[in-house]
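Me: I should like a close look at one part of this model, namely chain B. Please describe its contact with its partner chain and then the details inside the chain, in terms that a first-year student can follow.

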Amino acid sequence: MSKILKQLSIFVENKKGELSDITTLLASNNISISSINLSDASDFGILRLIVSDNDKAKAILDEAGFSSRFTDVFAVEVSDHVGSFNSVIKALAKENINIEYTYTISNAQIGAFIFRISDRELNHAIKTLASDGINLLSEV
Amino acid sequence: MWNKIEGESREKISQTQLSRLQDTVTRVYELTPFYKEKFDELDINPKDITCLQDIQKLPFTKKQDLRNHYPFGLFTVPMSEVVRVHSSSGTTGKPTVVGYTQADMDVWDEVMARVYTMAGATAKDVVHNAYGYGLFTGGLGFDSGAKKIGATTIPASSGFTDRQIMLMKDFNATILAATPSFALHMYETAKKSGSDYLKDFKLKSGVFGAEPTSDGLKEEVSRVWGIDYHEVYGLSEIIGPGVSSNCKHSKLLHINEDHFYPEIVDHKTGKVLPDGERGELVITSLTKQALPIIRYRTGDITSLHREPCGCGRTMVRMESIVGRVDDMIIVNGVNVYPSQVEHVIANTEGVTLNYQIIADKKGHLDKIDILVEVNDDVLSDSVAEMEKIKKDIQHSLANNLYINANVKLVEPRSIERSMGKAVRVVDKRV
């Protein structure tokens, strides 16, 4: 099973009610959000979501006038003990793979981190981690 | 060529112009108190017009003069002879009202037929007319010209974009008549609906106008639809669309100068400028019956060119409108035209063309914000890359136009976009 996850990146203006407009829109269309991260500059930001139905979410956002695109990421399971996250970073550093960003997600069962690596190095990163015995999630 | 006069010798055209100018001047002097008063003040009599250069002795007419005589005060025929009235949107105060006799309508049909012919249209074509029908001259002007050449006309008018696209495809439209911004909006809508637009549509050329348009936007419309772009210039005070348009040989627009006499003046001094120099376009109607107009200040900035054209037409050509005298904003002493800003944005890789300029005061200084819409094509997952787009545009504006603007990226469709016209400048200082 592919370890690549599709993350939806949405352009948002930094203004009141913007985030809730998007989350309300998705909720009212029965789309659940399993990870959420916001990276922002002074007057705009990029909202990054992993959702239950990509195509439907994209269509709804297009219709509502939001600009969005898919970005390939992967999720790594990180257990609750010292050095667990560090072992992932070390495995990537050893191969000189550059991390564009990473953020944590959690659901009831496990802790995990989303990693964004450039498209060029993405498959290499996944293979590296797998051969180091690190668990990559097929869904989050 | 629709009419052989379009390729007549200059001598013949000048003769026609002079006799028509003399008739027009006599007509307004005898029939309009407004003009009689103005002529008398300057001590001018219609008999003083003995050559075309004498036109420079005549007074100008301004938009405010039309407003002051709202609605029909400058008409030179009784209302029983007026068969049509149009009106331009009155964003400030009263609208301007214009009237046409049947003879005026015939002239309008004639010049619009020339426009369509220049765009390669014939009786075999299907014209999808997406200009708004109503008081605005666009809808009915492009309608009557299409009828004149015998083409099939689809009076789609504006709005209902999804349905328009369906009809354009199903009716096999070959010519699109629309504002450029609406043409681009139609493309975006077609793309979104997933229709295989280039394969499905039969369009070959388009007649576009009614709003200031940069080369970038023209190329964009031409490229996305895969059609020839023909620009049409006009204004209701003169006739509506049909004053001038370009043939396939160049981007310069042939003026139908047997009906509309053009001059370029310095917009501050009113002095006539030589060919090739940019200034305000001034037009005198040569054949209008209901509302003849002398030296009308269009507010549009352009230049005139008399070099021969490959198409064989001998009528003078004008550059596509560079800007508006009143749209031009002065930011900390620097003249800025929206079209220049549009050009800079278009040249900055990957940024959409929809924008709005907002001028405001910060203390005693002017400050300028430029909103630029982000779309899926330029969106990056990286905030740094988005910041770079913003900085690139700012640098480009500073380097090319000498203005320090704060560029703000905004969501798609957040800037008011026209059915009619896009709002490009908001000046909060006035």
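Reply: The account below begins at the interface and then turns to the interior of chain B.

The model is a predicted one. At the interface, 20 residues of chain B are in contact with 26 residues of chain A. The size of an interface is often given as the accessible area lost when the parts come together. Here chain B and chain A bury about 1800 Å² between them, and 51% of that area lies on carbon and sulfur atoms. Three residues, Leu379(B), Asp381(B) and Glu411(B), supply 39% of the area that chain B buries against chain A, more than any other three residues.

The interface also holds charged and polar contacts. The count of salt bridges between chain B and chain A is 3. One salt bridge joins the side chains of Lys58(A) and Asp376(B), at 2.6 Å from N to O. In addition, 10 residue pairs are in polar contact across the interface of the two chains. On the side of chain B that touches chain A, helix α11 (383-401) and strand β20 (405-410) each supply at least two residues. The residues of that side divide into 8 nonpolar, 4 polar and 8 charged.

The next topic is aromatic rings. Over all chains, the count comes to 15 aromatic pairs. In the pair of Tyr35(B) and Phe39(B), the ring centres are 6.2 Å apart and the planes stand at 70°, so the pair is edge-to-face, a term that applies to planes over 60 degrees apart. Both residues belong to helix α2 (residues 33-41) of chain B, and because they are 4 residues apart there, about one helical turn separates them. An α-helix has 3.6 residues a turn, so residues three or four places apart point the same way. Tyr35(B) is buried, with a relative accessibility of 1%, and Phe39(B) is buried as well, at 0%.

Phe201(B) and Trp225(B) form an aromatic pair that is also edge-to-face, with 5.3 Å from centre to centre and 90° between the planes. Phe201(B) lies in the loop between α8 (197-200) and β6 (205-209), whereas Trp225(B) lies in helix α9 (residues 215-225), so this pair ties together parts of chain B that are 24 residues apart in sequence. Phe201(B) counts as buried at 8% relative accessibility, and Trp225(B) does so at 3%. In the partner chain, Phe74(A), Phe85(A), Phe113(A) and Phe115(A) form one aromatic cluster.

Strand β6 of chain B offers a polar residue to examine, Ser205(B). Its relative accessible area is 2%, so Ser205(B) is buried. A polar atom of the side chain of Ser205(B) lies 3.0 Å from the backbone oxygen of Ala119(B). Beyond its neighbours within four places in sequence, Ser205(B) is in contact with several residues, including Thr174(B), Ile175(B), Leu176(B), Ile227(B), Asp228(B) and His230(B).

Helix α10 (residues 338-347) of chain B shows how one helix is packed among other elements. Its buried residues are Pro338(B), Ser339(B), Val341(B), Glu342(B), Val344(B) and Ile345(B). These buried residues pack against helices α9 and α11 and against strands β17 (334-336), β18 (355-362), β19 (365-373) and β21 (425-427) of chain B. Helix α11 thus appears twice in this account: it packs with α10(B), and it supplies at least two residues of the side that touches chain A.

Finally, some details of the backbone deserve attention. Most residues other than glycine have a negative phi, and most peptide bonds are trans. A cis peptide bond, with omega of about -10°, joins Tyr70(B) and Pro71(B). Pro71(B) is found in the loop between α3 (63-68) and β1 (84-88) of chain B.

Asp43(B) is not a glycine, yet it has a positive phi of about 60°. Its place is in the loop between α2 and α3 of chain B, and Asp43(B) is exposed, at 66% relative accessibility. Ser157(B), which is not a glycine either, has a positive phi of about 60°. Ser157(B) is found in the loop between β4 (152-154) and α6 (161-170) of chain B. At 17% relative accessibility, Ser157(B) counts as buried, because the cut-off for that term is under 20%.

Methods:
Residues numbered from 1 in each chain as written. Chains lettered and ligands numbered in written order. Predicted model: local features only at pLDDT ≥ 70, side-chain atom pairs only at ≥ 80, totals over all residues. Heavy atoms only, no water. Contact = heavy atoms within 4.5 Å. Buried area = accessible area lost by both parts, 1.4 Å probe. Salt bridge = Lys/Arg side-chain N within 4 Å of Asp/Glu carboxyl O. Polar contact = N/O pair within 3.5 Å; in protein donor to acceptor, adjacent residues only side chain to side chain. Nonpolar A, V, L, I, M, F, W, Y, C, P; charged D, E, K, R; others polar. Phe/Tyr/Trp six-rings, centres within 6.5 Å; stacked < 30°, edge-to-face > 60°. Buried < 20%, exposed > 50% of the residue type's maximum accessible area, 1.4 Å probe, protein only.
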